[in-house]
Structure formats: C-alpha cells, structure tokens
Amino acid sequence: MAAILLDIKEDDEVIMPSYTFVSTANAFVLRGAKIVFVDIRPDTMNIDETKIEQAITDKTKVIVSVHYAGVACEMDVIMDIALRHDLFVVEDAAQAIMSTYKGKSLGAIGHLGAYSFHETKNITSAGEGGLLIINDERFVERAEVIREKGTNRSLFFRGMVDKYSWVDIGSSYLMNDVSAAYLWGQLEKIDEIQKNRLKSWNLYHESLKNLEKYGYIELPTIPKECTNNAHMFYIKVKDLETRTNLLNCLKDNGINAVFHYVPLHSSVAGEKFSRLNGKDVYTTKESERLVRFPMYYGLEKNIDKIVQNIKKLF
Ligand SMILES: *Cc1c(COP(=O)(O)O)cnc(C)c1O
C-alpha cells in the first residue's frame with residue numbers, strides 16, 4: 001500500500017538496507033522499482049545514514065528505514081536528507097511496535113510507516129497481518145480506496161456518496177474479522193506482553209555480560225535516543241564458524257537459536273531487482289556473526305538453561 005500511495009513506477013529507485021526481510025523490497029519491486037541497497041552500521045545493524053546521500057540519483061523516490069530489532073535508525077538525519085532531496089521516507093517498523101526515537105513512536109516519523117503482526121512479532125493477529133500508518137494527510141483518502149479493492153466503499157459507508165464504484169487501483173488489504181479479534185486481545189495485553197519481554201531481554205543481557213567482558217561475544221547496542229521494545233535478543237560472535245558451532249551446540253540441547261538475513265543484494269532475486277551502492281563493508285560480515293536467541297512471552301523461566309548452554313561452549 002505504501003508503494004502504491006507513493007506512485008512508485010517502473011525505474012524509480014528506492015533506497016534501503018540489504019540487511020532486511022524480503023517484504024521490505026517486494027513492496028516496491030512489485031511496482032517496478034529498482035532497489036538500491038546501502039550498507040548498515042555495525043552497532044545497530046540499521047542502514048548507515050552517512051552512506052545514504054551518495055546513493056541518491058535523479059530517479060530516487062523513497063528511503064526506507066528498517067528499525068532492526070525494534071531499535072531506531074538515525075531518523076533526524078534520514079528525515080533531513082529526504083527533505084533536502086524531496087524524497088519520501090517509509091519506516092519499516094515491522095519489528096518496532098512500542099519503540100521510540102527521541103520520544104516519538106517508530107512508524108510515526110516518516111511519511112508512512114508499516115507494522116507487521118506476523119506470528120514472529122511482539123504482538124500478532126494470529127499469524128499474518130499488518131498496519132499502515134499514514135503521517136501525511138495527503139495520503140489518507142486514497143489509502144481508504146486502495147485497501148478496499150480500489151473502490152470508494154468507505155465514503156459510501158459514511159454516507160458521503162450515494163453508491164460506490166471502482167475509482168482507482170487497489171487490492172484486498174483489509175484484515176479479516178477473526179484476525180482482528182485476535183489482535184484486539186493482544187492489544188489489550190500489550191503492556192503486560194512488553195513488560196514480560198523486557199524482563200527476559202534484561203535477564204539475557206545481565207547473564208551474558210561476563211562473556212562480553214572477556215571478549216567472547218558482543219551484546220546489542222541501544223543508542224541513548226532510542227528505546228528497546230525487546231523484539232529480539234541477539235549477540236554477535238567472532239565469525240561464521242563460531243556461530244555454526246554455537247547453533248549446533250544449542251540445537252543438541254533442544255534450544256532453537258537462529259540467524260538471519262541472507263543479505264538481499266546477494267540473493268537470487270536481489271541480483272535481478274537491485275544494485276548495491278558503495279561497498280558491502282558490514283552487511284555480510286556482521287550478518288554472518290549474528291545469533292538470535294529464543295524470545296517470546298513467558299520465556300523467562302527458560303533463560304537460565306539457555307545461558308548455561310551458551311557459557312558451556314565458550
Ligand atoms: C516481519 C518483517 C516484515 C514484514 O513481514 P510480513 O510477513 O510482510 O508481515 C518486514 N520487514 C521486516 C524487517 C520484518 O521483520
């Protein structure tokens with residue numbers, strides 16, 4: 001919906017990090033855009049805001065800020081670049097619900113923001129679902145049409161037209177009632193869910209401090225102006241080989257730790273639909289050292305076992 005609202009067309013360019021989930025790119029590739037990838041910063045794994053400007057061409061339309069692990073990109077710098085070059089900013093806030101940057105909610109800073117309610121996120125609408133946040137009034141009316149299959153049915157329901165018809169392109173972006181009911185229940189409990197996740201996150205962080213102190217691992221960084229929504233707990237180890245050993249060791253003990261993402265610029269579809277601007281200094285190297293530990297509501301009683309197994313390996 002964001003890509004349709006911004007009128008993305010063939011040959012438009014969209015800037016984003018290569019270290020992200022495929023949905024970030026697909027939204028724009030489906031409108032014919034070319035994706036231009038920019039390297040990430042190693043501390044937050046977010047797009048390196050100092051490398052964005054050199055990726056801008058006269059075809060650039062959008063910058064997408066992916067808030068990895070719910071920790072904000074450097075939004076003041078990104079919004080300033082967008083303003084100076086007349087670009088739109090779409091926040092991929094899929095992982096960032098309840099998180100803030102300088103006191104502002106993530107997803108509410110760019111022109112548009114997108115949340116995901118996929119089963120892997122902090123709250124879910126029973127598997128699949130999402131939310132588009134519109135921070136620029138120019139897009140509100142058309143968004144209602146696009147989500148209702150390109151019809152003005154919303155105006156009709158409000159009694160503003162006497163019949164509804166096909167007025168624009170669109171698709172069926174409305175959430176079904178069962179998913180919406182499930183999400184409602186999750187929203188009612190969101191503070192409790194967040195409190196519990198943060199407790200687990202802090203337990204991991206405390207318990208693993210010694211391993212960091214002795215140089216075995218790196219713990220995640222939360223910059224001063226950002227809050228942590230405990231979407232994910234990850235560490236970084238020395239290299240790919242250490243990561244493989246750690247994952248296998250945990251798996252042998254019944255613990256499902258995982259990694260992601262294969263950088264999109266090096267994927268099969270990435271070769272067709274994107275180019276990498278500048279050098280891949282950190283994207284591949286840092287993604288190969290990253291390990292995600294289990295994180296879900298009610299996890300706290302299992303953390304000791306997980307931590308003991310991590311320590312055993314080192
Ligand atoms: C989960 C996620 C998405 C969206 O996933 P959907 O399956 O489309 O809901 C997009 N970007 C990032 C960074 C994500 O983690």
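This report describes the empty spaces, salt bridges and cysteines of one protein structure. The structure is a predicted model.

**Pocket and cavity**

Rolling a probe the size of a water molecule over the atoms shows where empty space is left. The second largest pocket holds about 180 Å³ of space. Its lining includes Val 22, Ala 25, Asn 26 and Val 29, and also Ile 35, Phe 37, Leu 264 and Phe 273. Three elements, α2 (22-29), β2 (34-38) and α9 (268-273), each supply at least two residues of this lining. The greatest contribution comes from α2, with four residues. By class, the lining of the second largest pocket consists of eight nonpolar and four polar residues, with no charged residues. Both domain 1 (2-187) and domain 2 (190-313) provide at least three residues each to the lining of this pocket.

The structure also holds one cavity of 30 Å³ or more. The volume of the largest cavity is about 50 Å³. Among the residues that line the largest cavity are Thr 44, Ala 69, Val 71, Trp 201, Pro 220 and Tyr 234. Seven residues of this lining are nonpolar and three are polar, while none is charged. The lining of the largest cavity likewise draws at least three residues from each of domain 1 (2-187) and domain 2 (190-313).

**Salt bridges**

Side chains of opposite charge can pair when their charged atoms come close. In this structure the count comes to 21 salt bridges. The table lists some of them, with the distance between the closest N and O atoms.

| Residue | Partner | Closest N and O atoms |
|---|---|---|
| Glu 49 | Arg 41 | 3.1 Å |
| Arg 289 | Glu 218 | 3.1 Å |
| Glu 286 | Lys 285 | 3.9 Å |

In the pair formed by Glu 49 and Arg 41, Glu 49 is buried at 12% relative accessibility. Arg 41 is buried as well, with a relative accessible area of 16%.

The salt bridge between Arg 289 and Glu 218 joins two loops. Arg 289 lies in the loop between α10 (283-287) and β11 (290-293), and Glu 218 lies in the loop between α7 (190-213) and β9 (233-236), so this pair ties together parts that are 71 residues apart in sequence. Arg 289 counts as buried, at 11% relative accessibility, whereas Glu 218 counts as partly exposed, at 37%.

The salt bridge between Glu 286 and Lys 285 also pairs a buried residue with a partly exposed one: Glu 286 has a relative accessible area of 3% and is buried, and Lys 285 has a relative accessible area of 46% and is partly exposed. Through shared partners, salt bridges join Glu 218, Lys 236, Lys 285, Glu 286 and Arg 289 into one network.

**Cysteines**

The count of disulfides comes to zero. Why does Cys 226 not form a bond with Cys 73? The sulfur of Cys 226 is 8.7 Å from the closest cysteine sulfur, in Cys 73, and this is too far for a bond, because a disulfide requires the two sulfur atoms to be within 2.5 Å. Cys 226 is buried, with a relative accessible area of 8%. Cys 249 is also buried, with a relative accessible area of 15%.

Methods:
Residues are numbered from 1 along each chain as its sequence is written. This is a predicted model: local features need pLDDT of at least 70, side-chain atom pairs count only at pLDDT 80 or more; totals for chains, interfaces and linings use all residues. Side-chain values use heavy atoms; hydrogens and water are left out. On a 1 Å grid over the protein atoms alone, a cavity is a set of points where a 1.4 Å probe fits but cannot get out, and a pocket is an open set with protein on both sides within 12 Å along at least five of seven lines; lining residues have an atom within 4 Å of a point. Grid points are joined across faces, edges and corners, and a volume is the space filled by probe spheres set on the points. Ala, Val, Leu, Ile, Met, Phe, Trp, Tyr, Cys and Pro count as nonpolar, Asp, Glu, Lys and Arg as charged, and the others, Gly among them, as polar. Domain bounds come from an automatic or database domain assignment. A salt bridge is a side-chain nitrogen of Lys or Arg within 4 Å of a carboxyl oxygen of Asp or Glu. Buried means under 20% relative accessible area, exposed over 50%, partly exposed in between (1.4 Å probe, protein chains only).
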